[in-house]
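Here is a short set of exercises to work through with the sequence and the model side by side. Try each task yourself before reading its solution.

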Amino acid sequence: MGEWVISMPQLIFMIAASFLAGFVDAVAGGGGLISMPAYLLTGMPMHLVYGCNKFAAACGTTIATLRYWRHKMVEIPVGLSAAAGGFCCSVISSRLVLILDDKTLKTMMMIILPAVGVLTLLNRDLGSTDRSGTFSPRRRMILGFFIGCMMGFYDGLFGPGTGTFSLIFFCLILRYDMRIGTGNAKFLNLASNYASLAVFILAGTIYWAVALPVAAASIAGSFLGSGTAIKNGSKFIRRMLMTVTALLFFKLIADAAL
């Protein structure tokens, strides 16, 4: 673990950030845009950041996924197909994280994250209606697996923005509305989170003194966020999606200025 040690003020700051990240992530993805910078501000080494963030995210996503499933916001066959692709590719990319240095990871993140904003802005009617019925069930499963592979690889390698990308691709490619797109995105995100988490646990890159309390905060935030999305529907999800998109652009500008 090195010589880095967490202080109580730093831990409280991380817990607050994790709660907010859990809320945002449960609705539109992008929770890592809040939690990961918070971890980095404490001076935590990058590989420990990935491990702790993934543990908290996996716990929070579990709660959100269960709530969306109970409210019939997931198309199970497509969700399972996407989850399978996500799990496999996330394991592969998570191993790459362990061999890449911090500078390389941050540079790659700066390049990829803003793409989600462009996709959202170019498709203003994205997720307004459910037109997934234009595809056969078999084709939806195949496309779901393809989306899962892309997002699993991205999630294992970078993390922040995975849920946002997943939601956009489910709406853009499979033409779901925001509600079903969000549910399927959480199903996929859950699988890729656990695949990455397994790699980080085995590699010993989780600082448990941080991971456990921030995970509890993430669970609380995810429970509240998913409940709000279920109650308010597609319009609220879209507003949150645009907010996360703005955060992505601000992050790019901030990173470029450093």
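The exercises below go from the overall fold to helix pairs and then to single residues.

This is a predicted model, in which local features need pLDDT of at least 70, side-chain atom pairs count only at pLDDT 80 or more, and totals for chains, interfaces and linings use all residues. Residues are numbered from 1 along each chain as its sequence is written, and side-chain values use heavy atoms, with hydrogens and water left out.

**Exercise 1. Describe the make-up of the fold.**

Start with the elements, taking helices (H or I, at least four residues) and strands (E, at least two) as DSSP runs numbered from the N terminus. The protein has ten helices and zero strands, and the order from the N terminus is α-α-α-α-α-α-α-α-α-α.

Next, look at burial, where buried means under 20% relative accessible area, exposed over 50%, and partly exposed in between (1.4 Å probe, protein chains only). Of the 258 residues, 55% count as buried.

Finally, turn to contacts, meaning heavy atoms within 4.5 Å. Among those between residues at least 6 apart in sequence, 84% join residues at least 24 apart.

**Exercise 2. Characterise the packing of helix 2 against helix 3.**

Two packed helices are described by the angle between their axes and the distance between the axes. Axes here are lines fitted to C-alpha atoms, for helices over the stretch in contact, and angles run from 0 to 180 degrees between N-to-C directions.

First, the geometry: helix 2 (residues 32–41) and helix 3 (residues 46–70) have axes that come within 10 Å and cross at roughly 140°. That makes helix 2 oblique to helix 3; angles under 35 degrees count as roughly parallel, over 145 as roughly antiparallel, 65 to 115 as roughly perpendicular and the rest as oblique.

Second, the residues: Gly 32, Ser 35, Met 36, Tyr 39 and Leu 40 of helix 2 meet Met 46, Val 49, Tyr 50, Cys 52, Asn 53 and Ala 56 of helix 3. By class, this contact has eight nonpolar, three polar and no charged residues (Ala, Val, Leu, Ile, Met, Phe, Trp, Tyr, Cys and Pro count as nonpolar, Asp, Glu, Lys and Arg as charged, and the others, Gly among them, as polar).

**Exercise 3. Do the same for helix 8 and helix 9.**

Helix 8 (residues 162–172) and helix 9 (residues 178–203) pack at an angle of about 130°, with their axes 8 Å apart. That makes helix 8 oblique to helix 9.

On the helix 8 side, the contact includes Phe 170 and Cys 171, and on the helix 9 side, Lys 186 and Leu 188 are among the residues met. By class, the contact has six nonpolar, seven polar and one charged residues.

**Exercise 4. Place two buried residues, Leu 33 and Ser 218, in the fold.**

Leu 33 is found in helix 2 and counts as buried at 10% relative accessibility. Leu 33 and Val 244 are 211 residues apart in sequence, with 8.3 Å between their C-alpha atoms.

Ser 218 lies in helix 10 (residues 208–257), and its relative accessibility is 5%. Leaving out residues up to four places away in sequence, Ser 218 touches Ser 18, Phe 19, Gly 22, Ala 56, Ala 57 and Gly 60.

**Exercise 5. Check the cysteines: how many disulfides does the structure hold?**

Count a disulfide as a pair of cysteine sulfur atoms within 2.5 Å. The structure holds zero disulfides. Cys 88 is in none, and its nearest cysteine sulfur, that of Cys 89, is 6.6 Å away.

For accessibility, Cys 88 is partly exposed at 48%, whereas Cys 52 is buried at 0%.
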